[in-house]
Amino acid sequence: MIVLGIETSCDETAAAIVKDGRRVLHSTVASQLAVHRPFKGVVPELASRAHVERINDVIEEALSFHPKVDAIAVTTGPGLIGCLLVGTVTARMLAWVKDIPIVGVNHLEGHLFAGLVEHPKLKPPFLGLIVSGGHTELVIFKGYGRYLKLGATRDDAAGEAFDKVANLLKLPFPGGPSIDKAARLGNASAVPFPRAWIPGTYDFSFSGLKTSVANYLKSTPARRRAKVDDIAASFQEAVVDVLVHKTFDAAERHGLSSVVVGGGVAANSRLRAAFQNESKLRKIRVFLPDRSFCTDNAAMIAAAGYYKLKRALHRGEKLAVNANLEIENWKAA
Ligand code: KG4
Ligand code: ZN
């Protein structure tokens, strides 16, 4: 089955064509970075307008490569409501015109499926870590459409912490890639920033770490302060340390032999190296999507949509597609 995926939940307008939920035939992402850069953050109303301007071109480009699609999958939430509406309304209209089925996909579920794209050997159950700009969630992927949430951030998401700390360090927007770049030249043990382990839980917290960076900058005179690259590397190490250890501890505890990491922060080079390292030490396989499928894209939505649609068709379920901010199937442990 060939599925056209559409993603507009935040600041990327994306369309992709995926075969049988695993093979990406085409993927295109129109970034809105230039629109939001002057504001150092995503401006929701500008994001919705930019989606309206770009969505037809992005879909037309995808369909020009593969005109024949069997179904459409579209992100229904969570995300910015105006942005979600642009995607869902366009997708519904296209499905009606083409007279093909349409399925709504949860954006976080999509980030987990990015690990399945182009990794045909990966099968559930596995442990999923989602680290994006808005979420940090540890989930057991029990089966397609069956998830058990083990923990989540209690305050800032990992990506949000990267973005806010980059701002404190006066690094350019978007913060995550800027810190990644600066940290490559820095010493990760220059500043001993704290790690919030929150023992006995699989929850995370990054806002205290962000405050520590702010306090360090405020209280250390410029001549005694570490270089920006060193501060960036030390901050990044504190985030990665917690993510790696809590994730692998959870996988061991739950007897899971595979870990999948998804979301924009999964593109971080130090995080990728640390997960690969720990994977060798603990003999647990780690699946990291290609960087282009870590940040928002529509291939992951098409992949998740394929499995959801297959289930629904099998059970004779009716599918409703409306923008919504709820997370379906996300059961707390
Ligand atoms: O998944 P995503 O594209 O959008 C959301 O669903 O939020 O994630 C965006 C987040 C941003 O916070 C961005 O700074 C972060 O991912 N990010 C990174 C890197 N690339 C993107 N963080 C650290 N290192 C990176 N290389
Ligand atoms: Zn995302």
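## Exercises on a predicted model

In strand E9, Val 261 is the bridge partner of Leu 129. That pair is a good place to start, and since this is a predicted model, everything below describes the prediction.

### Exercise 1: Strand E9 and its partners

Task: Find which strands pair with E9 and in which sense, then work out whether E9 is enclosed or open.

Solution.
- Step 1. Begin with E6, residues 126–131. Four bridges join E6 to E9, and the two run parallel.
- Step 2. Now look at E10, residues 285–287, which pairs with E9 in the parallel sense over three bridges. Here Ser 258 stands opposite Arg 285.
- Step 3. Sort the side chains. In a regular strand they alternate between the two faces of the sheet. In E9, Ser 258, Val 260 and Gly 262 point one way, while Val 259 and Val 261 point the other way.
- Step 4. Check burial, for which the cut-off is under 20% relative accessible area. Five of the five residues of E9 are buried, so the strand is largely enclosed by the rest of the structure.

### Exercise 2: The nonpolar cores

Task: Identify the residues that touch the most other members of the largest nonpolar core, and the element that gives the most to it.

Solution.
- Step 1. This core has 51 residues, and those touching the most other members are Leu 127, Phe 193, Phe 235, Val 261 and Phe 275.
- Step 2. Several elements give two or more residues to the core, among them strands E6, E7 and E9 and helices H5, H6 and H9. Helix H8 gives the most, with 13 residues.
- Step 3. Zoom in on Phe 275. Beyond its neighbours within four places in sequence, Phe 275 is in contact with Leu 129, Leu 243, Val 244, Thr 247, Phe 248, Val 259, Val 261 and Val 286. The pair from the opening, Leu 129 and Val 261, appears among these contacts.
- Step 4. Look for another core. A second, separate one has 34 residues, including Leu 116, Tyr 147, Phe 293 and Ala 299.

### Exercise 3: Helices H6 and H8

Task: Decide whether H6 is mostly covered or mostly open, then follow two aspartates of H8.

Solution.
- Step 1. Seven of the nine residues of H6 are buried, and this helix is mostly covered. Among the buried ones are Gly 175, Ile 179 and Ala 183.
- Step 2. Ask what does the covering: it includes H5, H8 and H9.
- Step 3. Take Asp 229, found in H8. Not counting residues up to four places away in sequence, Asp 229 touches Ala 182, Ala 183, Leu 185 and Gly 186. Its relative accessible area of 22% makes Asp 229 partly exposed.
- Step 4. Move to Asp 241, which also lies in H8. A polar contact of 2.9 Å joins its side chain to that of Arg 195. Trp 197 is in contact with Asp 241 as well.

### Exercise 4: The zinc site

Task: Name the protein donors of the zinc ion (ligand 2) and say where His 107 and Asp 296 sit in the chain.

Solution.
- Step 1. The donors are His 107 (NE2), His 111 (NE2) and Asp 296 (OD), lying 2.0 to 2.1 Å from the ion.
- Step 2. Read their spacing along the chain: H-x3-H-x184-D.
- Step 3. Place the pair. His 107 is in helix H4, and Asp 296 is in the loop between helices H10 and H11, 189 residues apart. The pair links distant parts of the chain.
- Step 4. Test burial: His 107 counts as buried at 7% relative accessibility, and Asp 296 is buried at 13%.

### Exercise 5: The five-stranded sheet

Task: Give the strand order of the open sheet and find which helices pack against its strands.

Solution.
- Step 1. The order is E3-E2-E1-E4-E5, with mixed pairing. E3 and E5 are the edge strands, each pairing on one side only.
- Step 2. See how the pairing is mixed. E1 and E4 run parallel, joined by four bridges, whereas E2 and E3 pair in the antiparallel sense over eight bridges.
- Step 3. Pick out two bridge pairs: Val 3 stands opposite Ala 71 in E4, and Ala 14 has Val 29 in E3 as its partner.
- Step 4. Inspect the E2–E3 hairpin. Three residues lie between its strands, and Asp 20 takes a positive phi near 50 degrees.
- Step 5. Add the helices. H2 packs on the sheet, touching E1, E2 and E3. H3 lies across E1, E4 and E5, running at about 160 degrees to E4.

Terms used: Residues numbered from 1 in each chain as written. Chains lettered and ligands numbered in written order. Predicted model: local features only at pLDDT ≥ 70, side-chain atom pairs only at ≥ 80, totals over all residues. Heavy atoms only, no water. Core = buried A, V, L, I, M, F, W, Y, C linked by side-chain atoms within 4.5 Å. Buried < 20%, exposed > 50% of the residue type's maximum accessible area, 1.4 Å probe, protein only. Contact = heavy atoms within 4.5 Å. Donors = N, O, S within 2.8 Å, 3.2 Å for Na, K, Ca; no water. Pairing = 2+ DSSP bridges. Axes fitted to C-alpha atoms, helices over the stretch in contact; angles between N-to-C directions. Polar contact = N/O pair within 3.5 Å; in protein donor to acceptor, adjacent residues only side chain to side chain.
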